[in-house]
Amino acid sequence: MLSVVAISDMKISDKMDDILVTYSLGSCIGLSVYDPVAKVGGMVHCMLPLSKVDPAKAKTNPHMFTDISIPTLLEELFKRGATRNNLVVKVAGCSSLLDNKGLFKIGERNYTVCRKILWKNNILIDGEEVGGAKPRTLLLYMDSGRTTVKNAGTEVEI
């Protein structure tokens, strides 16, 4: 069953027939995390790198921000039996669709914050499709942990 992760959202699943999907990854970051032993996975779709830009919004919508959402995703997966050594992590998005002059670099900053959080937690990225100037769709197949990215009619495994 298709389970949509909206913008500024997080989903966790342990149902083998689920496919977690998030659309419209431009400068936003999409992160999928899967534990093949515990058979649990999750996905976030974050818009902005740091919650300090709007603390009030961070309280009402924490998944808008990479620095809050990724630790929350990891914590929820650990509560459901995932272990750090088993995690398979994939990243997509972080492009510069609406920032041709490179003034804001939101995609690049989202990616930097993501890598820093994962590094501090001793977690490596296993695959990625980031940067450039194209929108992406990220899919996580819960039956296998297979993670793909769609863009302009093509789908590739990362």
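In which strand is tyrosine 23 found? Tyrosine 23 belongs to strand β3, which covers residues 19-25. The model described in this report is predicted.

## Strand β3 and the surface patch

Tyrosine 23 has a relative accessible area of 38% and is therefore classed as partly exposed, since that class lies between the 20% limit for buried residues and the 50% limit for exposed ones. Together with Leu2 and Val4, Tyr23 forms a nonpolar patch on the surface. The accessible area of these residues together is about 260 Å².

Isoleucine 19 also lies in strand β3. The relative accessible area of isoleucine 19 is 22%, so this residue is partly exposed. Outside its neighbours within four places in sequence, isoleucine 19 is in contact with Met1, Leu2 and Ser3, and also with Leu139, Leu140 and Tyr141. Isoleucine 19 and leucine 140 are 121 residues apart in sequence, yet their C-alpha atoms are 5.6 Å apart in space.

## Aromatic residues

Tyrosine 141, one of the contacts of isoleucine 19, has arginine 146 over the face of its ring. The distance from arginine 146 to the ring centre is 4.2 Å. As for pairs between aromatic rings, the structure holds zero of them.

## Strand β7 and glycine 127

Glycine 127 is placed in strand β7, which comprises residues 127-130. With a relative accessible area of 10%, glycine 127 is buried, because the value falls under 20%. Not counting residues up to four places away in sequence, glycine 127 touches Val89, Lys90, Val91 and Ile158.

A separation in sequence can also be set beside a separation in space for glycine 127 and threonine 112. These two residues are 15 residues apart in sequence, and the distance between their C-alpha atoms is 15 Å.

## Positive phi angles in loops

Two residues other than glycine are described here for their positive phi values. Serine 8 has a phi of about 65 degrees. The residue lies in the loop that connects β1 (2-4) and β2 (9-13). Its relative accessibility is 9%, so serine 8 counts as buried.

Cysteine 94 has a phi near 60 degrees. Where is cysteine 94 found? The position of cysteine 94 is in the loop between β6 (88-93) and α3 (106-120). Cysteine 94 counts as buried because its relative accessibility is 6%, a value under 20%.

Note on methods
Residues are numbered from 1 along each chain as its sequence is written. This is a predicted model: local features need pLDDT of at least 70, side-chain atom pairs count only at pLDDT 80 or more; totals for chains, interfaces and linings use all residues. Side-chain values use heavy atoms; hydrogens and water are left out. Helices (H or I, at least four residues) and strands (E, at least two) are DSSP runs, numbered from the N terminus. Buried means under 20% relative accessible area, exposed over 50%, partly exposed in between (1.4 Å probe, protein chains only). Contact means heavy atoms within 4.5 Å. Patches are made of residues with over 30% relative accessible area and no salt bridge: like charges are joined within 9 Å, nonpolar side chains (Val, Leu, Ile, Met, Phe, Trp, Tyr) within 5 Å. Accessible areas come from the Shrake-Rupley method with a 1.4 Å probe; for residues, only the protein chains shown count as cover. A salt bridge is a side-chain nitrogen of Lys or Arg within 4 Å of a carboxyl oxygen of Asp or Glu. Rings of Phe, Tyr and Trp (its six-membered ring) pair if their centres lie within 6.5 Å; planes under 30 degrees apart count as stacked, over 60 as edge-to-face and the rest as tilted. A charge sits over a ring if NZ of Lys or CZ of Arg is within 6 Å of the ring centre and within 35 degrees of the ring normal.
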